[in-house]
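The following paragraphs go through one structure, starting from its surface and moving inward. Please keep the sequence and the coordinates at hand while reading.

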Amino acid sequence: MIHIELENRSGLRIEEDEASALARRVLEAEGISEGDLGLAFVSPDEIRALKRDHLGSDEATDVLSFPIDGRDDLPAGLPRQLGDVVLCPAIVADAWRQPLVHGLLHLLGYDHGEEMERREANLLS
């Protein structure tokens, strides 16, 4: 089972059930049926600070991913910690689905490029 810990610190209304359902659908389509995922919706100031502190770029962005286990082989009995996806609804507004899929694919090891773009389009269709 995929366990999603969703936190909304953005101050905006979020379609939490829909976001969780999309995350589960993407992960399952990618062959991940068990694991823990953190999903946070944050303010522009918070995502800017995260990007500055972790990537050295002092600007706000739509989504950040912080992978942990991804698709790595794990010892038997060790729960899979997928990592965290952080979205900024003030930047993405109602167009949060594509950045969420994008962030999830980064957790699973995808890098920017044609393969990732094709996979995103497929998962969003």
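A pocket is here an open set of grid points where a 1.4 Å probe fits, with protein on both sides within 12 Å along at least five of seven lines. Its volume is the space filled by probe spheres set on those points. The model to which this is applied is predicted. Its largest pocket has a volume of about 210 Å³. The lining of this pocket consists of K51, L55, T61, V63, L64, S65, F66, P67, H102, H106 and H112. Two or more of the lining residues come from each of α2, β3 and α4. The largest contribution is that of β3, with 5 residues. By class, the lining divides into 5 nonpolar, 5 polar and 1 charged.

Two of the lining residues can be followed further. K51 lies in helix α2. Is K51 buried or exposed? Its relative accessibility is 12%, and the cut-off for buried is under 20%, so K51 counts as buried. Apart from residues up to four places away in sequence, K51 touches G56, S57, E59, T61 and L64. Among the residues it touches, T61 and L64 also appear in the pocket lining.

The helix that carries K51 can be checked for length. Helix α2 covers residues 44-55, and its 12 residues should span 16 Å at 1.5 Å a residue. The C-alpha atoms at its ends are 16 Å apart, so the model agrees with the expected span. After α2 comes G56, which has a positive phi, near 75 degrees.

H102 is the second lining residue to follow, and it sits in helix α4. At 15% relative accessibility, H102 counts as buried. Leaving aside neighbours within four places in sequence, H102 is in contact with V63, H112, M116 and E120. V63 and H112, both in contact with H102, are also part of the pocket lining.

Helix α4 itself deserves a closer look. It runs over residues 97-107, and 8 of its 11 residues are buried, so the helix is largely enclosed by the rest of the structure. The buried ones are P99, L100, V101, H102, G103, L104, L105 and L107. They pack against helices α1 (16-29), α3 (89-92) and α5 (114-124), and against strands β2 (35-41), β3 (63-67) and β4 (81-87). As with α2, a glycine of positive phi follows: G109 comes after α4, and its phi is near 100 degrees.

Which residues does L107 of α4 touch? With neighbours within four places in sequence left aside, L107 is in contact with L37, S65, F66, P67, G70, L82, G83, D84 and V85. Its relative accessibility is 2%, so L107 counts as buried. L107 and V92 are 15 residues apart in sequence, and their C-alpha atoms are 19 Å apart in space.

The next topic is the nonpolar interior. The largest nonpolar core has 27 residues, of which L27, L37, L39, V85, L100 and L104 touch the most other members. The elements that give two or more residues to this core are the strands β1 (2-8), β2 and β4 and the helices α1, α4 and α5. Apart from residues up to four places away in sequence, L104 touches A23, V26, L27, L37 and V85. There is also a second, separate core of 6 residues, including A40, V42, I47 and L64.

Two members of that second core, V42 and I47, lead to C88. This cysteine is in the loop between β4 and α3. Leaving aside neighbours within four places in sequence, C88 is in contact with V42, S43, P44, I47, T61 and D62. At 0% relative accessibility, C88 counts as buried. C88 and A40 are 48 residues apart in sequence, yet 8.5 Å apart in space from C-alpha to C-alpha.

The last stop is a matter of backbone geometry. Most residues other than glycine have a negative phi. A93 is a residue other than glycine with a positive phi, near 55 degrees. It is found in the loop between α3 and α4. At 48% relative accessibility, A93 counts as partly exposed.

Terms used
Residues numbered from 1 in each chain as written. Predicted model: local features only at pLDDT ≥ 70, side-chain atom pairs only at ≥ 80, totals over all residues. Heavy atoms only, no water. Buried < 20%, exposed > 50% of the residue type's maximum accessible area, 1.4 Å probe, protein only. Helix = DSSP H or I, 4+ residues; strand = E, 2+ residues; numbered from the N terminus. Contact = heavy atoms within 4.5 Å. Core = buried A, V, L, I, M, F, W, Y, C linked by side-chain atoms within 4.5 Å. Expected span 1.5 Å × (residues − 1). 1 Å grid on protein atoms, 1.4 Å probe; cavity = no way out; pocket = protein on both sides within 12 Å on 5 of 7 lines; lining within 4 Å. Nonpolar A, V, L, I, M, F, W, Y, C, P; charged D, E, K, R; others polar.
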